[in-house]
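Me: Could you take a close look at one part of this model for me, a single sheet and what surrounds it? I work with cut-offs every day, so please spell them out.

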Amino acid sequence: MVTVLLPGPLRGEAGGASRLSITAAGTLRAVLDEVATEHPRLARRIRDERGELRRYVNIFVDGEDCRHSGGLATPVADDAEVQVLPSVAGG
Amino acid sequence: MATLLAIGTAKGLFLATSGDDRRTWEITGPHFPMTGVYAVAVDTRRSTPRLLAGMTSSHFGPSVATSDDLGASWDEPDQAPVAFPADTGVSLGRVWQLMPAGPDQPDVVWAGTEPSALFKSTDGGRSFELVRSLWDHPHRPQWEAGFGGQAIHTVLPHPRDPARLLVAMSTGGVYRSEDAGASWAPGNTGIRAYFMPNEWPEFGQCVHKVARDAGNPERLYAQNHHGVYRSDDDGRTWSSIADGLPSDFGFPMVAHPRRGGMVWTFPLVADSERFPADHRCRVFRSADAGGKWEPLSVGLPEGPFYPAVLRDAMCADEATPGGVYFGTRSGSVYASRDEGDSWSLVAAHLPDVLCVRAAEV
């Protein structure tokens with residue numbers, strides 16, 4: 001199972017859960033697609049309607065920033081940890 | 001009967017309610033904290049008034065929420081209420097305007113967005129669909145972005161003819177439809193675009209806000225990026241009504257909802273000096289459709305005043321006598337319960353005020 005860790009501001013969109021267990025693996029896109037099936041409102045906070053990762057949302061796959069490891073095509077192992085974090089932005 | 005004043009700010013929505021004919025206000029919020037609320041509407045066509053809020057999180061994107069209990073609770077659909085179809089290749093930046101249609105279309109709500117597009121809801125604002133005819137307009141590739149982004153910020157249904165609709169955008173100008181949105185034509189004749197080589201183009205003007213006259217729906221008022229205009233032919237042609245104002249620059253333009261010929265605006269010095277005219281906090285009112293203007297400042301701050309008032313941060317209610325409201329970029333909100341003759345402070349020290357809307361509920 002892939003574990004998806006959610007930041008505080010997004011937990012309300014997942015029934016208060018701080019982590020989700022996802023059966024899909026292979027790529028980050030597949031993981032996020034399964035998240036969208038179960039929690040569509042959570043999913044659209046993370047990706048826009050084109051499926052692109054929002055500019056100020058970061059995702060780390062086993063500690064690696066996905067933007068430096070293939071984006072949504074980043075490989076995700078069956079037991080990987082996917083952490084969603086808002087970037088440092090805003091005023 | 002109470003008066004509800006919805007105040008959209010850069011960091012959430014505040015709701016002010018008055019139960020004593022707009023003398024005192026109770027404020028709740030922020031609703032949707034840390035989101036920019038650029039659009040808010042109070043849809044009073046329904047048996048239960050519906051609030052609509054268009055909010056944008058800098059991290060988690062834009063959305064639209066509705067409330068049928070005056071903001072006690074909010075509902076947001078699972079699927080994005082406003083989203084561009086996949087074939088457009090673009091994503092929603094933010095919703096700039098939420099506008100209920102006329103009383104003969106009680107479930108229709110329009111949304112103006114960034115990038116410049118018009119969306120239509122037929123379920124009271126729960127879900128919206130892109131108006132393809134405007135998106136596919138051959139002028140669209142030439143529409144430019146103003147400092148605030150390229151957006152449709154004004155949507156004006158015609159009160160008697162549901163086939164007629166007007167939108168305005170920065171920067172692109174006014175577009176009109178006479179066939180319920182099936183086709184669109186620019187309506188900018190007479191509006192100067194001083195920032196372009198051809199100062200009188202067919203389109204490309206930087207319209208800041210358009211308002212429709214209460215008594216004559218063919219009559220419109222426009223505050224432009226320099227230039228204040230009136231149209232007497234439903235937006236086909238325009239003529240200047242800037243004489244008598246201290247400046248022709250500013251953002252809001254509000255028409256009295258029941259009294260024809262009465263409008264309010266808040267002039268700024270100039271494009272290059274975006275402070276209130278003469279550095280004073282004054283609303284300007286015309287009671288004769290822009291023929292003459294008078295400054296209104298009783299009860300407003302005296303002395304030097306520097307905050308601007310943004311395009312949607314001024315509104316009027318439908319009470320008698322008419323109420324007028326405006327919010328500043330320094331987070332103050334003022335109200336008048338006598339059409340602008342005198343003013344009082346509703347709230348201070350809020351985040352930047354982006355929009356205000358008032359209604360009897």
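Reply: Happy to! Strands here are DSSP runs of E with at least two residues, numbered from the N terminus, and two strands pair if DSSP finds at least two bridges between them. This is a predicted model, in which local features need pLDDT of at least 70, side-chain atom pairs count only at pLDDT 80 or more, and totals for chains, interfaces and linings use all residues. Residues are numbered from 1 along each chain as its sequence is written, while chains are lettered from A and ligands numbered from 1 in the order in which they are written. As for confidence, chain B averages a pLDDT (the predictor's confidence in each residue, from 0 to 100) of 97, and 100% of its residues score at least 70.

Now to the sheet. In chain B, four strands in the order E3-E2-E1-E30 make up an open sheet with antiparallel pairing. Its edges are strand E3 (26–31) and strand E30 (353–360); each has a single partner strand, so one side of each is left without a neighbour in the sheet. From one strand to the next the twist averages 15°, where axes are lines fitted to C-alpha atoms and angles run from 0 to 180 degrees between N-to-C directions.

Edge strand E3 of chain B also holds Pro30(B), which a cis peptide bond with omega of about 0° joins to Gly29(B). In the loop between strand E2 (12–18) and E3 of chain B sits Asp21(B). Its phi is near 55°, a positive value in a residue other than glycine. For context, most residues other than glycine have a negative phi, and most peptide bonds are trans. Asp21(B) counts as exposed because it has 12 C-beta neighbours inside 10 Å; the scale is buried at 20 or more other C-beta atoms within 10 Å, exposed at 12 or fewer, and partly exposed in between, with C-beta atoms placed from the backbone.

At the other edge, strand E1 (residues 3–9) of chain B and E30(B) pair through seven antiparallel bridges. Ala6(B) lies in E1 of chain B, and its bridge partner in E30(B) is Arg357(B). Ala6(B) counts as buried because it has 27 C-beta neighbours inside 10 Å. Leaving out residues up to four places away in sequence, Ala6(B) touches Leu13(B), Leu15(B), Val40(B), Val42(B), Leu51(B), Val356(B) and Arg357(B); contact requires C-beta atoms, placed from the backbone, within 7 Å.

Val356(B) leads us to the largest nonpolar core, whose 103 residues include Ile7(B), Val210(B), Tyr325(B) and Val356(B) as the members that touch the most others. Such a core is a set of buried Ala, Val, Leu, Ile, Met, Phe, Trp, Tyr and Cys residues joined through C-beta atoms within 7 Å. Strand E4 (residues 35–43) of chain B gives this core its largest share, six residues.

Tyr325(B), for its part, has contacts that include Leu5(B), Val356(B) and Ala358(B). Tyr325(B) stands opposite Ala335(B) in E28(B), and strand E27 (residues 324–327) of chain B pairs with E28(B) over four antiparallel bridges. Both faces of E28 (residues 333–336) are covered, with Val333(B) and Ala335(B) buried on one side and Tyr334(B) and Ser336(B) buried on the other. In the E27(B)–E28(B) hairpin, five residues lie between the strands, and Gly331(B) takes a positive phi near 85°.

Definitions and conventions:
Contact = placed C-beta atoms within 7 Å.
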